[in-house]
Amino acid sequence: MKQGLHPVVMLLLVAAAALFGRVLPTWTLSLATIAASNALIALGIVILARTGNVSFGQGLFYAAGGYGVALIANAWGITDALVQMLIGAVCGGLLGIVIGPLLARYSGIFFGMLTLALSMVLYGALVKTTALGGSDGFNIGRPTLFGLSFTDTREADFMLYAVSVVTTGLAGIAATILFRSELGLASLAVRENNLRVEYLGISSNWVVTINFAIAAVFAGASGSFALMAQRHIDPQFAYWTTSGEFVFVAVLAGYQSVAAVFVASLALELVRSFSNLYLPNTWQLVLGVFLLGVILFLPRGIGSLWIKQRRKRTDPPLTAVTAQKEAAQ
Amino acid sequence: MTPVLSVRGLEKRFDAVVAADALSLDIAAGQKVSLIGANGAGKTTFVNMVTGYLKPDSGSIALEGMDIAKRSPRNVARLGISRSFQIPQLFIELTAAENLSVAVSGAGTRALSFHSPAEGHGRRDKVLELLARFGLGDLADRPVSELAGGVRKLIDIAMALVRRPKLLLLDEPTSGVSAEEKFVTMDRVIHAVAPDAATIVFVEHDMEIVSRYADRVVAFYLGRILADGDPHDVLKDAEVRRYVTGGAQ
């Protein structure tokens with residue numbers, strides 16, 4: 001049986017990561033906030049990828065969360081970061097519940113292209129909707145927390161960092177529990193052989209739909225964090241290149257480990273920031289080489305580094321009895 | 001007494017090929033029925049129709065009197081018909097125990113849990129007990145991709161058995177197993193299956209296996225039933241010898 005960290009230990013790690021923001025340089029706080037936010041949406045893609053389906057259009061839910069929060073915040077004056085995050089998650093989730101059952105009937109490239117198409121439909125609609133600012137989008141106010149306003153830039157950045165890290169951390173813990181659960185195992189089974197899953201009495205469409213809805217919730221919450229960090233939203237949230245970045249993180253991470261998603265997201269932000277700083281005209285090339293390197297040397301993603309080690313530790317040795325049995329077959 | 005499986009006038013064509021031609025068959029509880037026939041005779045098509053993978057062009061299929069001809073494989077499985085496959089259909093990146101855990105999840109009456117561990121203690125015990133029954137207890141935590149074909153076959157059958165089916169369909173349970181091992185394997189299967197599945201239908205090409213383990217044989221030829229009855233009689237039938245066994249036995 002696979003063993004992992006106990007949820008209480010994971011909670012302590014999340015708390016430590018949030019408090020670590022106190023000692024981080026100011027310039028890294030917004031970078032870490034974006035990394036945490038991207039990790040959240042990539043985590044959703046990884047959850048979905050465990051069923052064998054990759055969404056190339058998570059920007060759809062990312063934008064739904066962002067626009068939902070921005071519209072509600074401006075209309076009702078809601079500025080609390082936690083409430084905004086919850087609104088974003090609900091907006092993304094509702095859309096996911098509507099779309100999920102329709103897409104669950106497809107798989108592979110058809111599934112991916114349909115998600116991409118839907119996100120581009122939203123992008124097109126947003127660009128043409130002048131009431132939502134058209135291609136320029138619109139702004140929202142600075143977020144608060146529990147009624148506290150943060151006028152100091154560092155404090156405001158730290159607040160958003162802490163909320164995003166804690167949210168993403170809790171999502172990571174939930175994902176870890178999910179991965180070990182009946183649904184998590186059934187998801188891997190759907191990935192490998194969905195017909196056999198049906199023969200065992202499990203609806204593979206239902207499994208895909210649930211994973212899809214969870215990914216949409218995470219994407220919506222992630223969109224709300226991006227909105228809070230930029231205090232501005234525009235149709236770019238739904239554009240295919242935005243979705244592509246999240247898939248990039250998910251590919252880097254692989255589908256076997258939650259922790260890998262955080263590592264991949266942070267690695268991507270660091271590579272992007274530093275290559276943008278030192279190689280401003282060729283930073284995309286550096287990112288491409290980085291991705292190629294990971295695919296070449298770690299085809300199952302960064303997570304395979306420690307999953308492989310764990311398997312080696314926990315798998316029983318091939319005893320004489322089993323060897324004999326296998327030889328007999 | 002209502003038969004476990006009752007098939008009436010079952011027809012299935014694939015363009016010009018007749019895979020099932022007015023098949024009618026009753027299988028009573030407790031029988032061990034072997035389906036025999038040359039390649040293309042319609043045995044696997046019959047199994048696929050009974051388990052909901054293929055829909056018949058016409059005719060009825062009833063499980064304990066309930067029509068199941070239009071139902072999906074998932075619904076058929078839930079109603080009590082399980083199957084194994086000629087080529088084992090497993091989740092090869094998962095371990096043997098994880099494969100069975102998925103089957104245990106499918107056999108449950110409630111929805112899949114988001115939080116209950118897939119290999120919690122009660123479930124793990126059940127999985128290990130089932131693996132042990134097939135003599136595979138010490139392979140529980142090995143990925144299926146590392147296991148031999150014969151072992152995979154047994155895991156495939158074990159997965160079909162988790163649901164304690166009313167009717168268990170085994171598609172060539174000894175194919176790919178060496179001549180020396182086939183009786184050992186089949187003994188193990190019959191012994192392991194006995195507590196959970198009283199009625200078994202198995203597709204088989206090996207007439208030694210058929211005559212030893214079946215208490216009824218149905219011979220297929222070009223989508224029709226050529227002979228049906230006691231193994232001794234069917235295997236001696238002139239038409240069966242001519243079109244199916246080629247004089248074997």
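The following dialogue reads selected features of a predicted model, from strands and helices to the contact between chains A and B.

Colleague: Where should one begin with strand β8 of chain B: is it buried or exposed?

Modeller: In a regular strand the side chains alternate between the two faces of the sheet. Here, 5 of the 5 residues of β8(B), residues 199-203, are buried, so the strand is largely enclosed by the rest of the structure. B:Thr199, B:Val201 and B:Val203 lie on one side, B:Ile200 and B:Phe202 lie on the other, and both faces are covered.

Colleague: Which strands pair with β8(B), and in which sense, parallel or antiparallel?

Modeller: Strands of a sheet pair through backbone hydrogen bonds, either parallel or antiparallel. Strand β3 of chain B, residues 32-37, runs parallel to β8(B) and is joined to it by 4 bridges. In β8(B), B:Val201 is the residue opposite B:Val33. Strand β7 of chain B, residues 167-171, is also parallel to β8(B), with 5 bridges between them. There, B:Leu167 faces B:Thr199 of β8(B).

Colleague: What is the strand order of the open sheet of 4 strands in chain B?

Modeller: The order is β2-β1-β4-β5, and the pairing is antiparallel. The edge strands are β2 (17-27) and β5 (66-67); each has a single partner strand, so one side of each is left without a neighbour in the sheet. Within this sheet, β1 (residues 5-14) and β4 (residues 58-63) of chain B are linked by 5 bridges in the antiparallel sense. One can locate this pairing at B:Glu11, whose bridge partner in β4(B) is B:Ser58.

Colleague: Which helix lies across β1, β2 and β4 of chain B?

Modeller: That is helix α1 of chain B, residues 43-50, and it runs at about 65 degrees to β2(B).

Colleague: Turning to chain A, how many residues of helix α3 are buried?

Modeller: Of its 18 residues, 13 are buried, so α3(A) is largely enclosed by the rest of the structure. The helix covers residues 59-76 and reaches 25 Å from its first C-alpha to its last, close to the 26 Å expected at 1.5 Å a residue. Just after the helix comes A:Gly77, with a positive phi of about 70 degrees.

Colleague: How many residues does the largest nonpolar core have?

Modeller: In soluble globular proteins, nonpolar side chains tend to be buried together. The largest nonpolar core of this model has 178 residues, and those with the most contacts inside it are A:Ala42, A:Leu43, A:Val249, A:Val261 and B:Leu100. Helix α9 of chain A, residues 204-230, gives the most to this core, with 16 residues. Leaving aside neighbours within four places in sequence, A:Leu43 has contacts that include A:Ala171, A:Phe218 and A:Val261.

Colleague: Why does A:Ile173 count as partly exposed?

Modeller: A residue is buried if 20 or more other C-beta atoms lie within 10 Å of its own. A:Ile173 has 19 such neighbours, so it counts as partly exposed. This residue lies in helix α6 of chain A, residues 153-180. Beyond four places in sequence, A:Ile173 is in contact with A:Pro7, A:Met10 and A:Leu11.

Colleague: How many residues does each chain bring to the contact?

Modeller: Chain A brings 29 residues and chain B brings 37 residues. On the side of chain A that touches chain B, α6, α7 (182-192), α8 (194-199) and α14 (320-328) each supply at least two residues. Helix α7(A) gives the most to that side, with 8 residues. By class, the side of chain A has 14 nonpolar, 8 polar and 7 charged residues.

Technical notes:
Residues are numbered from 1 along each chain as its sequence is written. Chains are lettered from A and ligands numbered from 1 in the order in which they are written. This is a predicted model: local features need pLDDT of at least 70, side-chain atom pairs count only at pLDDT 80 or more; totals for chains, interfaces and linings use all residues. A residue is buried if 20 or more other C-beta atoms lie within 10 Å of its own, exposed if 12 or fewer, and partly exposed in between; C-beta atoms are placed from the backbone. Two strands pair if DSSP finds at least two bridges between them. Two residues are in contact if their C-beta atoms, placed from the backbone, lie within 7 Å. Axes are lines fitted to C-alpha atoms, for helices over the stretch in contact, and angles run from 0 to 180 degrees between N-to-C directions. A nonpolar core is a set of buried Ala, Val, Leu, Ile, Met, Phe, Trp, Tyr and Cys residues joined through C-beta atoms within 7 Å. Ala, Val, Leu, Ile, Met, Phe, Trp, Tyr, Cys and Pro count as nonpolar, Asp, Glu, Lys and Arg as charged, and the others, Gly among them, as polar. The expected span of a helix is 1.5 Å times one less than its number of residues.
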